[in-house]
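Let's take a friendly walk through this structure, with an eye on strands, charged pairs and cysteines. Have the viewer ready.

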Amino acid sequence: MSSHHIVRENQEAALLIANGEACSMDLLGDLMEWSPLVVVLDGAIHRVLEFGIRTDVWLGDFDSGISIQEEDLIQVGGVKKVHAPDQDKTDLQKGIEYLIANGHKAVNIVWATGRRLDHTFHNVAIIAQYREQIAISLIDNHSRVYPLPNNFKKWYPKGTVISLIPVGIAQRITTKNLQFPLQNGKLELPWETGNSNEVAEDGFVEIVYESGFLLMMECWD
């Protein structure tokens with residue numbers, strides 16, 4: 001770790017590794033560099049062990065049939081095993097709630113898209129429900145998705161592709177510095193979405209909305 005950067009407990013974003021399509025090792029390494037805690041969900045532990053990825057917590061209902069040999073290896077490595085048997089929630093939800101309960105303020109989530117489409121759809125949709133409790137970014141090789149606050153302002157270069165995706169309905173939306181602006185508009189999945197918009201000019205994009213939930217998707221592919 002570089003001497004100029006000090007990780008303050010529970011201030012840097014934790015890293016949560018799900019069991020979808022793997023991201024590049026470069027991206028994973030960048031996210032892990034300052035993460036104070038790495039949580040791996042249930043069946044993903046097989047792949048994490050194979051790649052030699054640092055793991056602090058292994059969490060899930062453990063219905064993936066991990067072998068005794070691998071479990072022994074985990075225990076030797078000092079990994080904390082957290083049993084979360086609630087069948088009414090997915091492992092991703094349980095992982096996010098574990099971080100909230102332990103005081104973490106932010107989390108980056110990887111390996112949560114790709115592979116099973118039902119898992120991808122659910123993983124993207126459910127992050128909105130935690131927006132008041134923890135800052136969440138769901139990241140893969142092509143995009144970054146996060147719940148949008150009701151008042152948003154961020155600098156982007158011209159041509160940056162962003163999408164505004166409602167979770168249900170979002171209303172009274174006003175945007176500035178987008179190619180396709182909204183003025184007191186409404187987005188409603190699946191009929192009206194803000195898919196594949198672009199930043200009009202170098203500068204700040206501003207988005208304000210009054211009700212509902214919006215997800216920001218920053219896309220680079």
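The sections below go through a predicted model, one region at a time.

## Strand 7 and its partners

Strand 7 is a good place to begin. Of its 5 residues, 4 are buried, so strand 7 is largely enclosed by the rest of the structure. On one side of the pairing list is strand 6, which pairs with strand 7 in the antiparallel sense over 2 bridges. A hairpin of 3 residues makes the connection between strand 6 and strand 7. If you want a residue pair to click on, try Ile 139, whose bridge partner in strand 7 is Arg 144.

Strand 13 also pairs with strand 7: the two run antiparallel and are joined by 5 bridges. Here Ser 143 has Cys 219 of strand 13 as its bridge partner.

## What covers helix 5

Helix 5 spans residues 117–126, and its buried residues are Thr 120, Asn 123, Val 124 and Ile 126. Which elements cover them? The cover includes helix 4 (91–101), strand 6 (135–139), strand 7 (143–147) and strand 13 (211–219). The strands met in the previous section therefore turn up again here, with strand 6, strand 7 and strand 13 among the elements covering the buried residues of helix 5.

## Salt bridges

Side chains of opposite charge can pair when their charged atoms come close. In this model the count comes to 9 salt bridges. One of them joins the side chains of Asp 91 and Lys 94, at 3.4 Å from N to O. Both residues belong to helix 4 and sit 3 residues apart, which separates them by about one helical turn. Asp 91 is buried, with 19% relative accessibility, and Lys 94 is buried as well, at 7%.

Asp 118 and Arg 116 form another salt bridge, with their closest N and O atoms 2.7 Å apart. Asp 118 is partly exposed at 42% relative accessibility, and Arg 116 is partly exposed at 48%.

The side chains of Arg 172 and Glu 210 also meet in a salt bridge, at 3.1 Å from N to O. Arg 172 lies in strand 9 (residues 161–176) and Glu 210 in the loop between strand 12 and strand 13, so this pair ties together parts that are 38 residues apart in sequence. Arg 172 is partly exposed, with a relative accessible area of 42%, while Glu 210 counts as exposed at 54%. Finally, there is a network of salt bridges that links Arg 144, Lys 154 and Glu 218. Arg 144 is the residue already met as the bridge partner of Ile 139.

## Around Val 208

Val 208 is part of strand 12 (residues 203–208), and its relative accessibility of 35% makes it partly exposed. What does Val 208 touch, apart from its neighbours within four places in sequence? Its contacts are Asn 150, Asn 151, Arg 172, Ile 173 and Thr 174. Arg 172 in that list is also the salt-bridge partner of Glu 210. Thr 175 is 33 residues from Val 208 in sequence, yet their C-alpha atoms are 6.5 Å apart in space.

## Cysteines

A disulfide is a covalent bond between the sulfur atoms of two cysteines. How many disulfides does a search of the whole structure find? The result is 0. Cys 23 is buried, with a relative accessible area of 9%, whereas Cys 219 is partly exposed at 22%.

Notes:
Residues are numbered from 1 along each chain as its sequence is written. This is a predicted model: local features need pLDDT of at least 70, side-chain atom pairs count only at pLDDT 80 or more; totals for chains, interfaces and linings use all residues. Side-chain values use heavy atoms; hydrogens and water are left out. A disulfide is a pair of cysteine sulfur atoms within 2.5 Å. Buried means under 20% relative accessible area, exposed over 50%, partly exposed in between (1.4 Å probe, protein chains only). Contact means heavy atoms within 4.5 Å. A salt bridge is a side-chain nitrogen of Lys or Arg within 4 Å of a carboxyl oxygen of Asp or Glu. Two strands pair if DSSP finds at least two bridges between them.
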